[in-house]
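Please work through the exercises below with the sequence and the 3D structure at hand. Each exercise sets a task and is followed by a solution in steps.

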Amino acid sequence: MQESGDSAPRGAHGKEVSHVPVLLSEAIDFLAVKPGGLYVDATVGLGGHSYEVARRLGRLGRLIGLDKDPAALERAKARLAPLGEEAARVTLVHDSFAALADHAGEGSVDGVLADLGVSSLQFDDASRGFSFRADAPLDMRMDPQSGQTAEQVVNQLSERELADLIYEFGEERRSRRIARAICRARPIRSTQHLAEVVSAAARPMKPGIHPATLTFQALRIFVNRELDDLKELLAAAPQVLKPGGRLVIISFHSLEDRIVKDSFRDGVKLGHYKLLTKKPVTPGEEEIGRNPRARSAKLRAAERI
């Protein structure tokens, strides 16, 4: 989930966390929110999409919001509080969207929305270790309470394992050279140290793109099991959706989009879905101008048959 824009919640050190969700109006349109229905925001983040869904559901509706990050859930709770009694009943759950079927009964849901990736809360808080723009511990966990850190991965995997994950999850063609440099530089404890090691081993592929970008992406995806969790979400969605229920997915890189595209195609063949988007919906120039992080977003939607 990538968000940027208007307003209120604050991250570490009191820094304001901006918050206008990517492709908001498009996502809401494809969800076709029914007053009184049951909807799941599988990546509640700072609550931007959830706010608009809950507002449209009315007091007879229900919204379940899932997120791995307990800090995001706290901010989402604050974001949704002003809706009051006329909005939907909202249940926020600290869990991965891979566990969708654990929180929604079979054939019970009118719509599922998932806005993938890293939220502004995570990316802009240097202490979380997602970015190389400031020096910080190599963590990268969306749920800071569980799982391997990026530091453990970088320092404990073999050179071959590192090369393979950087190639698979970062689509980085220079993965072997980068993995060799990482192993020679161990121990690596901070984001800046890792970025320096990668930069020394591999020049920028494109002007303005930091040479460590794809390596950081690969480590983040691996640490958080992002692609595995996405596959589990997509497998569960046909089970929980009612006939006529909508599934809307916003992805931010080709690995995610390919998985979503293939899953929707297979769902059509199996008689689960009809496609609502023959091609992915992308942000317009105005939105990208307001929020440069939106430039890589792609939305795909399907309806349960």
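A residue counts as buried when its relative accessible area is under 20%, as exposed when that area is over 50%, and as partly exposed in between. Please keep in mind that the model is a predicted one.

**Exercise 1. Find which residues of H2 are buried, and describe the surroundings of His49.**

Solution. Begin with the helix as a whole: H2 is mostly covered, since seven of its ten residues are buried. The buried residues of H2 are Gly48, His49, Ser50, Glu52, Val53, Ala54 and Leu57.

Next, take one residue from that list. His49 lies in helix H2, which spans residues 48-57, and His49 counts as buried because its relative accessibility of 2% is under 20%. If residues up to four places away in sequence are left out, His49 touches Pro21, Val22, Leu23, Leu24, Ala27, Ile28, Asp41, Leu113, Asp115 and Ile250.

Finally, look at the residue that comes just after H2, where Gly58 takes a positive phi of about 75°.

**Exercise 2. Decide whether Val33 and Arg174, each in a loop, are buried or exposed, and list what they touch.**

Solution. First place Val33, which is found in the loop between helix H1 (24-31) and strand E1 (38-41). Val33 has a relative accessible area of 16%, and because this is under 20%, Val33 is buried. Not counting residues up to four places away in sequence, Val33 touches Ile28, Tyr39, Val53, Arg56 and Leu57. Two of these partners, Val53 and Leu57, are among the buried residues of H2.

Then turn to Arg174, which sits in the loop between H7 and helix H8 (175-185). With a relative accessible area of 12%, Arg174 is buried too. Leaving aside neighbours within four places in sequence, Arg174 is in contact with Ala202, Arg203, Pro204, Met205 and Pro211.

**Exercise 3. Describe how the rings of Phe169 and Phe222 are arranged, and then do likewise for Phe264 and Tyr273.**

Solution. A pair of aromatic rings is described by the distance of the centres and the angle of the planes. A search of the whole structure finds three aromatic pairs, and two of them are treated here.

In the pair of Phe169 and Phe222, the ring centres are 6.2 Å apart and the planes stand at 45°, so the pair is tilted. This pair links distant parts of the chain, for Phe169 belongs to helix H7 (residues 159-170) and Phe222 to helix H10 (residues 213-224), 53 residues apart. As for accessibility, Phe169 counts as buried at 13%, whereas Phe222, at 29%, counts as partly exposed.

The pair of Phe264 and Tyr273 is also tilted, with 5.8 Å from centre to centre and 55° between the planes. Phe264 is buried, with a relative accessible area of 3%, and Tyr273 is buried with a value of 3%.

A ring can also have a charged group over its face, and Arg79 lies over the face of Tyr51, at 5.7 Å from the ring centre.

**Exercise 4. State how much space lies in the largest cavity and in the largest pocket, and find which element gives the most to each lining.**

Solution. Rolling a probe the size of a water molecule over the atoms shows where empty space is left.

Start with the closed space. The structure holds one cavity of 30 Å³ or more, and the largest cavity contains about 220 Å³ of space. Of the 21 residues that line it, Thr43, Lys68, Phe97, Gly117 and Met142 are the closest to its centre. Strand E2 (62-67) and helix H11 (226-240) are the elements that give two or more residues to this lining, and H11 gives the most, with four residues. By class, the lining of the largest cavity has nine nonpolar, five polar and seven charged residues.

Now consider the open space. About 1200 Å³ lies in the largest pocket, which is lined by 33 residues, with Ile209, Thr213, Leu214, Gln217 and Arg295 nearest its centre. The elements that give two or more residues to the lining of this pocket are H10 and helix H12 (254-269), and H10 gives the most, with five residues. The lining of the largest pocket has twelve nonpolar, eleven polar and ten charged residues.

Conventions. Residues numbered from 1 in each chain as written. Predicted model: local features only at pLDDT ≥ 70, side-chain atom pairs only at ≥ 80, totals over all residues. Heavy atoms only, no water. Buried < 20%, exposed > 50% of the residue type's maximum accessible area, 1.4 Å probe, protein only. Contact = heavy atoms within 4.5 Å. 1 Å grid on protein atoms, 1.4 Å probe; cavity = no way out; pocket = protein on both sides within 12 Å on 5 of 7 lines; lining within 4 Å. Points joined across faces, edges and corners; volume = space filled by probe spheres on them. Nonpolar A, V, L, I, M, F, W, Y, C, P; charged D, E, K, R; others polar. Phe/Tyr/Trp six-rings, centres within 6.5 Å; stacked < 30°, edge-to-face > 60°. Lys NZ or Arg CZ within 6 Å of the ring centre and 35° of its normal.
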